[in-house]
Amino acid sequence: MSKKRAFLFDLDGVLVSTEHNHFLAWQRCAHSLDIPFTEKENELLKGFSRVDSLKKILELGNKSISGEKFEAFLISKNDFYLESIQDLNQGNLLPGVLDLLTQAKERGVRLGVGSSSKNANFILEKLQIREFFEVVIDGNGVSYPKPHPEVFLNGAKALGVEPANCLVFEDAESGIAAAQAGGFTAVGVGNPNIANIADIYMNDLTEFRVEQYA
Ligand code: BG6
Ligand code: MG
């Protein structure tokens, strides 16, 4: 594989273990609608925007609700989620993240974040890693959420790097699809469900050797 000039990272589930917090917040919404919701159903939501996630939950339960109620669920899900991550700090970074970012930076690799979350900047600040990234494209900055490649294409463009010269790190099927649709090499991390679709797969980022790819 040719060496890469830039790395783009998904946030939830790649840099930080917030996927479980999203799961618990969605489970609370689903249960209040009498829709069964376990880790299995949550897997179908990973990487999707807040709006698309709620649509998927309603589809799973074969339910429809008014626009007003829909908006109210989005707000209460996010309030519950934010409450659950209020103590988030650098100790919540997933294994290998800090070393990878430090080594990549030292090697001159351009770094960016491509996340569906509208809370991305807030979380990066809490984790004290915001300054590693030249660009953060989040759920506020795209017209077409993952699995559309827009979030990563915008990231690569902002860094001035072609997708072919860029690795994307992802933990969700929708994110791997987004990366591959954009012409990026997709590194799957920490989710056995994507081991067969990612171009490269690792259990966690301690397995990643910067000098092998950049
Ligand atoms: C993605 C997560 O990163 O962001 C999803 O994988 C989440 O689980 C989505 O629903 C939207 O996040 P937020 O913070 O804008 O509700
Ligand atoms: Mg993710």
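**Exercises: a metal site and a domain interface**

At 7% relative accessibility, Asp12 counts as buried (under 20% relative accessible area, with exposed over 50% and partly exposed in between; 1.4 Å probe, protein chains only). This is a predicted model, where local features need pLDDT of at least 70 and side-chain atom pairs 80 or more, while totals for chains, interfaces and linings use all residues. Residues are numbered from 1 along each chain, ligands from 1 in the order written, and side-chain values use heavy atoms, without hydrogens and water.

**Exercise 1.** Work out which protein donors the magnesium ion (ligand 2) has.

*Solution.* Start with the cut-off: donors are N, O and S atoms within 2.8 Å of the metal (3.2 Å for Na, K and Ca), and with water not among the atoms, sites may look incomplete. Asp10 (OD), Asp12 (O) and Asp171 (OD) then turn up, 2.0 to 2.1 Å from the ion. Next, read their spacing along the chain: D-x1-D-x158-D. Finally, check burial: Asp10 is buried too, because its relative accessibility is 5%.

**Exercise 2.** Describe how domain 1 and domain 2 meet.

*Solution.* First get the bounds, which come from an automatic or database domain assignment: 6-16 + 89-212 for domain 1 and 19-84 for domain 2. Contact (heavy atoms within 4.5 Å) takes 15 residues from domain 1 and 12 from domain 2. Then look for salt bridges (side-chain nitrogen of Lys or Arg within 4 Å of a carboxyl oxygen of Asp or Glu): the rule finds 0 across this interface.
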